[in-house]
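Me: I have a new model on screen and want to learn how to read it. Can you take me through it feature by feature?

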Amino acid sequence: MPIRQSIQPLHAYVPGEQPAGQDLLKLNTNENAYPPSPKVFEALGKLTSDDLRKYPQPTGKDLCEAIAQLHGISAEQVLVTNGSDEALALCTRAFCEHGGRVGYLKPSYSLYPVLSDIAELEKVEFPLEADFSWKMPEQVDVDFFFLTQPNAPTSLALSRSQIEELLQRCSGEVLVDEAYVDFADGSMVELMKASDRMLISRTFSKSYSLAGIRLGYLMGPAKLIEALYKIKDSYNTDIFAQRVGLAAVQDQSWMLQNVTAIRGTRERVAKALTVSGFSVMPSQTNFLFAKVPEGEDAQKIFEALRDRQVFVRYFPGELTGDYLRITIGTDEQMDRFLDELDSVRT
Ligand SMILES: Cc1ncc(COP(=O)(O)O)c(C=O)c1O
């Protein structure tokens with residue numbers, strides 16, 4: 001058999017559906033409904049033939065420096081990556097020996113088990129309670145921990161003191177995946193600065209409205225970041241991602257304005273859903289995780305919405321099977337969502 005034995009039993013990550021069509025409402029992959037900064041398009045317009053002909057900066061130096069400045073750290077503490085997914089994958093290769101133990105919450109980002117399998121690591125799942133809180137064990141006995149903060153799909157954030165506790169109880173490296181943090185009340189960057197074992201990953205896919213360019217970054221102690229530089233692809237981000245990312249980072253007010261709009265819409269939709277009988281988790285993200293009213297079937301609602309070209313996400317399973325995950329779009333989009341939801345429930 002020409003395929004390596006360890007690859008044969010693997011299951012690829014299944015991303016949210018990317019349907020194509022005219023009249024569809026796509027609230028299933030937590031993309032940003034607002035456009036990216038106009039500065040992004042200016043940057044693209046300035047690309048020259050030479051920019052395309054030559055290789056890009058191998059480390060995305062200019063972008064790294066801008067990110068470092070944004071967070072008040074040194075450029076040696078930053079690694080830019082091909083989506084934050086690449087950052088997560090690099091960590092599984094750098095911080096665990098073969099057969100090492102990787103921890104993550106269940107439910108959380110479903111890519112973690114896939115990456116752990118690819119790296120041939122032992123998966124250690126830490127189940128959440130029925131209300132999606134975490135009773136952290138006295139010892140978190142793993143070599144590396146993926147913590148989605150705020151969590152997906154639950155939309156909830158742990159407190160800073162819980163994360164400090166995790167750092168105390170886990171002797172391995174802890175990666176805090178802050179994909180949604182711009183929509184939350186606070187980040188763990190200050191905690192990361194004070195730790196020699198904590199890393200943070202960020203993405204341009206959500207708050208910066210740039211899922212299409214595949215750009216993310218990692219921040220952490222220079223010693224750990226240096227290790228990751230040794231194993232990354234030579235040119236892991238291209239010239240488009242580097243220039244677009246730089247323009248986006250330099251236009252914080254655009255990003256923050258969109259985030260403020262989404263947070264406002266999020267609260268309005270959460271109230272509307274609550275009034276119609278859903279139990280809505282207090283979201284710190286750009287999506288809502290909402291339990292359907294008693295006696296209703298989440299999967300059926302999901303399918304009925306889908307038939308009407310309204311795409312949300314449904315995660316079958318004991319803990320999540322009564323919930324829908326709904327990305328927050330524009331006010332207009334969410335009005336349509338609420339109307340369509342009413343129609344499929346009556
Ligand atoms: C928790 C979490 N981390 C990381 C990512 C991936 O981000 P990127 O698009 O930068 O690969 C996602 C995407 O949905 C996510 O939900």
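Me: Start with the loops. Where does Ser 155 lie?
Reply: Ser 155 is in the loop that links strand 5 and helix 6. Keep in mind that this is a predicted model.

Me: What is the phi of Ser 155?
Reply: Phi is near 75°, a positive value in a residue other than glycine.

Me: Is Ser 155 buried or exposed?
Reply: Count the C-beta atoms around the residue. The cut-off for buried is 20 or more within 10 Å. Ser 155 has 26 others within 10 Å, so it is buried.

Me: Which residue in the loop between strand 7 (198-203) and strand 8 can I read in this way?
Reply: Take Ser 209, which lies in that loop. Its phi is positive, about 60°, although it is not a glycine. Ser 209 has 20 other C-beta atoms within 10 Å, so it counts as buried.

Me: Now peptide bonds. Which residues are joined by a cis peptide bond with omega of about 0°?
Reply: Look at omega. The bond between Lys 106 and Pro 107 is cis, with omega about 0°. Another cis bond joins Gln 149 to Pro 150, with omega about -5°. Pro 150 sits in the loop between strand 5 (144-148) and helix 6 (160-169).

Me: What does Pro 107 touch?
Reply: Ignore sequence neighbours up to four places away. Pro 107 then touches Leu 128, Pro 153, Thr 154, Phe 315, Leu 319 and Thr 320. Take Thr 154: it is 47 residues from Pro 107 along the chain, yet their C-alpha atoms are separated by 7.7 Å. Pro 107 itself is in the loop between strand 3 (101-106) and helix 5 (111-118). It counts as buried because it has 21 C-beta neighbours inside 10 Å.

Me: On to helices. Which residues of helix 3 are buried?
Reply: Leu 63, Cys 64 and Ile 67 are buried in helix 3, which spans residues 61-71. Next, ask how they are spread around the axis. Their arc is only 100°, so they lie on the same side of helix 3. Their cover includes strand 2 (78-81), strand 8 (216-219) and helix 9 (239-249). Just after the helix, Gly 72 has a positive phi of about 70°.

Me: How many residues of helix 9 are buried?
Reply: Nine of its eleven, so helix 9 is mostly covered. Those nine pack against helix 1 (38-45), helix 3 and helix 10.

Me: How do I read domains here? What does the assignment give?
Reply: It gives domain 1 (25-35 + 253-345) and domain 2 (38-251). Their C-alpha centres lie 25 Å apart. The contact takes 25 residues from domain 1 and 23 from domain 2. On the domain 1 side, helix 10 gives the most, with seven residues. By class, that side has twelve nonpolar, nine polar and four charged residues.

Me: Which residues touch the most other members of the largest nonpolar core?
Reply: Phe 145 and Leu 288, in a core of 95 residues. Both domains give residues to this core, so it lies between them. Leaving aside neighbours within four places in sequence, the contacts of Phe 145 include Tyr 104, Leu 166 and Leu 175.

Me: Last, the ligand. How many residues surround it?
Reply: There are 13, and the closest are Gly 83, Ser 84, Asp 85, Thr 203 and Ser 205. Helix 4 (residues 83-94) gives the most to this shell, with three residues. The shell divides into four nonpolar, seven polar and two charged residues.

Notes:
Residues numbered from 1 in each chain as written. Predicted model: local features only at pLDDT ≥ 70, side-chain atom pairs only at ≥ 80, totals over all residues. Core = buried A, V, L, I, M, F, W, Y, C linked by C-beta atoms within 7 Å. Buried ≥ 20, exposed ≤ 12 C-beta atoms within 10 Å, placed from the backbone. Domains from an automatic or database assignment. Contact = placed C-beta atoms within 7 Å. Helix = DSSP H or I, 4+ residues; strand = E, 2+ residues; numbered from the N terminus. Nonpolar A, V, L, I, M, F, W, Y, C, P; charged D, E, K, R; others polar. Arc of directions from axis to C-beta. Near = placed C-beta within 6 Å.
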